[in-house]
Amino acid sequence: MRIDVSGLTKTYKGGARALDGLSLVVPTGMYGLLGANGAGKTTFMRILAGLLRPTSGRVMIGGHDLAAAEGRLAVQRTLGYLPQDLGVYPDLSARRFLDYIALLKGLHSRSARRRRIGELLEVVALSDVADRKLKGFSGGMLRRVGIAQALLADPRLLIVDEPTTGLDPEERIRFRTLLSQLAGDRTVLLSTHIVDDVAQTCRSLAVLAHGRLAFQGTVGELVSQAHHRVWTVTTPGAAPATGRVVSALPDGAGMRYRVVSAAPPGPWARPAEPTLEDGYLVLMDGRVP
Amino acid sequence: MPALLGPPVLAVLMLLLATFGARLGSREENTRWMLMGALEMGVPLLAGVVAATLPSRDPVAELRLAIPHGYRPALLRRLAVTLGCTAACAVAVSAALMASGWWTFAYGGAAGQLVWLAPALWLAALGFFAAAALRSTAAATSLVAFVWTGEQLFGGALADNPAYRLLHLFATTSWGSDGWPINRLFLLATAVLLAIGGWLLLGNTERVLRGEPE
Amino acid sequence: MIASLRYEFAMQVRRPSLWIVYGLVLAVMVAVLDYWSLDLDVYEVSVPKEAMGVAAQIIVTLLPIVYGCMLADRPSRDRVLRVDGILDTTPSGRTARLIGKYAGVCAATAVPLAITYFGRALLYVLVEGQPSALGWAAVTFLASILPGLVFVGALAFAGPLLLPPMVFRVLFVAYWFWGNLIPANLMPTLSHTVFSATGEYVRYGLLTPISPEYGRDSAVLDFLRPDHTPATAWLWIGVMIALAVVVLSLVRLHASRSES
């Protein structure tokens, strides 16, 4: 399910502009959306989910125009949405909560609903605690309930906003794997500020900065932006004065710094293999010629 | 903010009624009853609802609980500010009524302040206790509202019940000065007990963190 | 709509504080008003229809205030719990969800009230041996209590969405006293008019008719106090339902404006 966005602008009351003329094409498959906090990712996701109306611009999803009520309804029928700030009814069990959302999504057959909920609880590994009240669930378990509700109607488009924030490393890896497995012939739009999540799951991505498109392409293309710009410097003294220090590790009597810089940050600097994070930092620093 | 705005709004309405009451065509006794009623019933209603709301609505409760003596004193300060604002308005209005001749009740001056102070503290203490015990603003407000409404209706039916005469919140406007000082003192004493009960319940950190049981 | 109704009902009816508050209120009514005494030492209750009318009068005087306050925090619950994001992305219509939520929450909050009322009716049947009381209780509840609850429910549903919750609570209590309970000749009031939610037009116009002159002093807004007749009883039912529709439409309009 392809998403075509053109000239999308969203200005909130008070004049804050969250999106500024964003144009983007999202193909079928897993797609990453990176950006700093406040870059406009959540606003973009909410517009795609039909929760917010853009100030101007056009969004077409699978041929449906979101500006029209019928278009929004058609998209919502094929949409699974996991918001950044997921809330649940604490007094319902996971099974009952999913049942309620399934009813709202139009799954009226009781037997089909039960079967689907049972399957999804298996997929997200919550079958054992399905009848426990949600108020006792950990953050990771609630995220899994969130993804289960997003998948209830077997959506063609899955929008997940900052899904791994606050999860422990094990839960994060499990969640990322699950999302990758779900992609298949779906469009899964993964919005995050955690670069590693995109690096591990997506082939293509876009980067937003200040409501504008800063980059669109493959993960490899973004990484290549940092070629010949990443260095390691081991020194007993202070951190290198030039470039941006990405990491600092104690190394014997000194420190080993990883630095992103257009020129070698010192005489003992050695070139290093760039990662997606380095490419992202180079992009954000505007150091690409 | 609404908690701080309510009392001045009520005070202004009462002062307008006191100023123009005679010209509205209402009988003087009616106007007098309404002024005393607003003081004895309106002020306690505001105090009761505020006190029932504040304990359940602290978004930084967890943060405060982690600081020594951070939660209950902070809550008490917030209550003191809002109830203090209510009290200041009530004192100003009752002074204006005494000065303008609308106040014909047997007790005036400082003792006359018990017209509103005793029921206000009692309903506030009830709201505070109920919010602490039930951990629900809706439940605490419901109880305050029920007691407030019920007291309006029970006053006539239970006028001869000696036990109820001690606990009736609106004795001034219902029955006048007969047994009034004892009623006011009894209300103040039971209000203190309710407040202490609420204070103790809010000392249970685990209960506070659990929030509303639903 | 059915899904929202079903789940909102289930969540509200299982709320412990709902039952605790109604329980405490009933305890006070029994202790102070002698609610189970059947005649309250005042009324003649040998006729089941009249006895059920008296019980209805007590119920609608005191319990709607609890009913209104206990349901007033439900409309904003989805937003407070941050579930609204998920709900709004489902293809279910927002108007249908609003109506389902309203009906479910109001029905659940009215359950303890109905139990209190029908419990007394059952006691009456056991003590007096007149089973027709249950039928009259049902008729009285449907005709004289329910329309009032429909309107008060809509008011309590809309208030916290349109006003700060604390302001709404104070105004709601003040409204209930001013608009439904105080004597009509004390001050200009909606009390005892066709806009009052206490159902007296049905009780005195349809179920147990009383003389038009009974207990009437002239008062301001008397044009809103037609005589108690079957026609005005039906008028009152219509007014309550129409007001509820208007108030809920305002809620929907407000939500639409917020969306845009």
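This section describes the fold of chain A, selected elements of chain C, the contacts between chains and the nonpolar cores. The structure is a predicted model.

Chain A contains 9 helices and 14 strands. Its C-alpha atoms fill a box of roughly 70 × 45 × 35 Å along the principal axes. Of the 289 residues of chain A, 43% count as buried. Among the contacts in chain A with a sequence separation of 6 or more, 67% are between residues 24 or more positions apart.

Strand β7 of chain A covers residues 157-161. Because 5 of the 5 residues of β7(A) are buried, the strand is largely enclosed by the rest of the structure. The side chains of β7(A) are divided between two directions: L157(A), I159(A) and D161(A) point one way, while L158(A) and V160(A) point the other way. Both groups are buried, and the first includes the acidic residue D161(A).

β7(A) pairs with two strands described here. Strand β6 of chain A, residues 79-82, runs parallel to β7(A) and is joined to it by 4 bridges. Within this pairing, L79(A) stands opposite L157(A). Strand β8 of chain A, residues 187-192, also runs parallel to β7(A), with 5 bridges between the two. Here I159(A) stands opposite L189(A) of β8(A). The connection from β7(A) to β8(A) involves helix α6 of chain A, residues 169-183, and the three elements make a right-handed β-α-β unit.

Helix α1 of chain A, residues 41-48, is mostly covered, with 7 of its 8 residues buried. The buried residues of α1(A) are K41(A), T43(A), F44(A), M45(A), R46(A), I47(A) and L48(A). After α1(A) comes G50(A), which has a positive phi near 80°.

The contact between chains A and C takes 23 residues from chain A and 16 residues from chain C. On the side of chain A that touches chain C, two or more residues each come from α2 (69-77), β6 and α3 (94-104) of chain A. The largest share of this side, 4 residues, is provided by α3(A). By class, the side of chain A that touches chain C has 13 nonpolar, 5 polar and 5 charged residues. Strand β6 of chain A thus appears both in this contact and in the pairing with β7(A).

Between chains B and C, the contact takes 30 residues from chain B and 29 residues from chain C. Helices α1 (2-20), α2 (28-53) and α7 (137-157) of chain B each supply at least two residues of the side of chain B that touches chain C. The largest share of that side, 14 residues, comes from α7(B). The residues of the side of chain B that touches chain C divide into 18 nonpolar, 10 polar and 2 charged.

In chain C, helix α8 spans residues 165-181. At 1.5 Å a residue, the 17 residues of α8(C) should span 24 Å, and the end C-alpha atoms are 23 Å apart, so the two values agree. The buried residues of α8(C) are M166(C), F168(C), R169(C), V170(C), F172(C), V173(C), W176(C), F177(C) and N180(C). An α-helix has 3.6 residues a turn, so residues three or four places apart point the same way.

Helix α10 of chain C, residues 230-259, contains R252(C). R252(C) counts as partly exposed because it has 14 C-beta neighbours inside 10 Å. The C-alpha atoms of R252(C) and P230(C), 22 residues apart along the chain, are separated by 33 Å. Not counting residues up to four places away in sequence, R252(C) touches T95(C) and L98(C).

The largest nonpolar core has 139 residues. Those with the most contacts inside this core are A125(B), L126(B), A130(B), V144(B), V66(C) and A154(C). Helix α6 of chain B, residues 114-134, gives the most to this core, with 19 residues. Beyond four places away in sequence, A154(C) touches Y102(C), A244(C), V247(C) and L248(C). Another core, of 83 residues, lies apart from the largest one and includes L66(A), L158(A), V198(A) and L281(A). Of these, L158(A) belongs to β7(A), where it points the same way as V160(A).

Definitions and conventions. Residues numbered from 1 in each chain as written. Chains lettered and ligands numbered in written order. Buried ≥ 20, exposed ≤ 12 C-beta atoms within 10 Å, placed from the backbone. Pairing = 2+ DSSP bridges. Right-handed = clockwise from strand over helix to strand, strands pointing away. Contact = placed C-beta atoms within 7 Å. Nonpolar A, V, L, I, M, F, W, Y, C, P; charged D, E, K, R; others polar. Expected span 1.5 Å × (residues − 1). Core = buried A, V, L, I, M, F, W, Y, C linked by C-beta atoms within 7 Å.
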